[in-house]
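Let's take a walk through this protein together, one feature at a time. Have the model open beside you and follow along.

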Amino acid sequence: MKTAIVYASKTGNTKLLAETIRAALPQQEVIFCDAGTPPSDAELYFIGSWTDKGSCDAAVSDLLHSLQNKKIAYFGTAGFGGSPAYYEQLWQRVVTVIPEGNQLLGHFYCQGKMPMSVRERYVALMTAHPDDTKLQVNVENFDRALSHPDDEDLSAVRSWAKEMYALSEK
């Protein structure tokens, strides 16, 4: 089966997941590319994106919207989160751009580190607004995200990819 792994990665987190998925799959007929150059003839698509304003990258959204009668396994990273409920909200937004007729095999999310400029912005805002407790929570989340995707995340995406591949063969 011809498989495409297509992704958009702003900071390298989603690219790391895509590379891990690639290594977990049988190597025959795997196409690995960024979202700007997707193949049209694959049967199974692993499609990944960083989280952009609560949804997927615009190029990934365009790709998902263009697919017809394909098997799709979606993966993503998010700087915020860490909770299955949050990841489910993100997935529900992504699903809205996928046309009916495609077979959605499943989805995978994990936390990903953010650029240091994000933390610097939070700290500057905390100085300007010392009573805003949400900003301290944002800094703490940022610091937790620095180690992600970690070994546990990569092991989980590896297992998930094998499961999605097995599902696609049925």
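Start with Asp-52, which forms a salt bridge with Lys-53, the closest N and O atoms sitting 3.1 Å apart. Keep in mind as you look that this is a predicted model. How exposed are the two partners? Asp-52 counts as partly exposed, at 21% relative accessibility, whereas Lys-53 counts as exposed, at 79%. The cut-off matters here: a residue is called buried only under 20% relative accessible area, so Asp-52, with its 21%, falls into the partly exposed class.

Stay with Lys-53 for a moment, since its backbone is worth a look too. This lysine is found in the loop between strand 3 and strand 4 (55-56). Its phi is near 55 degrees, a positive value in a residue other than glycine. Why point that out? Most residues other than glycine have a negative phi, and most peptide bonds are trans. Asn-69 is another residue to look at here: its phi is positive as well, about 55 degrees, although it is not a glycine. You'll find Asn-69 in the loop between helix 2 (58-66) and strand 5. Asn-69 is also exposed, with a relative accessible area of 63%.

What about the peptide bonds? Go to the step from His-148 to Pro-149, where the bond is cis, with omega near -5 degrees. Pro-149 sits in the loop between helix 5 and helix 6 (151-168).

Now back to the charged pairs. Side chains of opposite charge can pair when their charged atoms come close. How many salt bridges does a search of the whole structure find? The count is 3, and one of them is the Asp-52 and Lys-53 pair we started with. Another joins Asp-41 to Lys-2, with 2.5 Å between the closest N and O atoms. Asp-41 lies in the loop between strand 2 (30-34) and strand 3 (44-52), and Lys-2 in the segment before strand 1 (3-8), so this pair ties together parts that are 39 residues apart in sequence. Asp-41 itself is partly exposed, at 44% relative accessibility.

Then there is the salt bridge in which the side chains of Asp-143 and Arg-119 meet, at 2.7 Å from N to O. Here Asp-143 belongs to helix 5 (residues 133-145) and Arg-119 to helix 4 (residues 116-128), so the pair links parts that are 24 residues apart in sequence. Asp-143 is partly exposed, with a relative accessible area of 34%, and Arg-119 is partly exposed too, at 25%.

While you're looking at helix 5, find Val-139, which lies in that helix. Is Val-139 buried or exposed? At 5% relative accessibility, Val-139 counts as buried. Leaving aside neighbours within four places in sequence, Val-139 is in contact with Arg-119, Tyr-122, Val-123 and Met-126. Arg-119 is a name you've just met: that arginine is also the salt-bridge partner of Asp-143. For a sense of distance, compare Val-139 with Cys-56: the two are 83 residues apart in sequence and 23 Å apart in space, C-alpha to C-alpha.

That brings us to the cysteines. A disulfide is a covalent bond between the sulfur atoms of two cysteines. How many disulfides does the structure hold? It holds 0. Cys-33 is in no disulfide, and the nearest cysteine sulfur, that of Cys-56, is 16 Å away. Cys-110 has its closest cysteine sulfur in Cys-56, 16 Å off, which is too far for a bond. Both residues are tucked out of sight: Cys-33 is buried, with a relative accessible area of 11%, and Cys-110 is buried at 3%.

Finally, turn to the empty space. The largest pocket has a volume of about 420 Å³. Its lining is made up of 23 residues, and those nearest the centre are Trp-50, Thr-51, Gly-79, Met-114 and Pro-115. Which elements give two or more residues to this lining? They are helix 1 (13-24), strand 3, strand 5 (71-78) and helix 4. Helix 4 is also where Arg-119 lies. Sorted by class, the lining of the largest pocket has 8 nonpolar, 10 polar and 5 charged residues.

How values were computed. Residues are numbered from 1 along each chain as its sequence is written. This is a predicted model: local features need pLDDT of at least 70, side-chain atom pairs count only at pLDDT 80 or more; totals for chains, interfaces and linings use all residues. Side-chain values use heavy atoms; hydrogens and water are left out. A disulfide is a pair of cysteine sulfur atoms within 2.5 Å. Buried means under 20% relative accessible area, exposed over 50%, partly exposed in between (1.4 Å probe, protein chains only). A salt bridge is a side-chain nitrogen of Lys or Arg within 4 Å of a carboxyl oxygen of Asp or Glu. Helices (H or I, at least four residues) and strands (E, at least two) are DSSP runs, numbered from the N terminus. On a 1 Å grid over the protein atoms alone, a cavity is a set of points where a 1.4 Å probe fits but cannot get out, and a pocket is an open set with protein on both sides within 12 Å along at least five of seven lines; lining residues have an atom within 4 Å of a point. Grid points are joined across faces, edges and corners, and a volume is the space filled by probe spheres set on the points. Ala, Val, Leu, Ile, Met, Phe, Trp, Tyr, Cys and Pro count as nonpolar, Asp, Glu, Lys and Arg as charged, and the others, Gly among them, as polar. Contact means heavy atoms within 4.5 Å.
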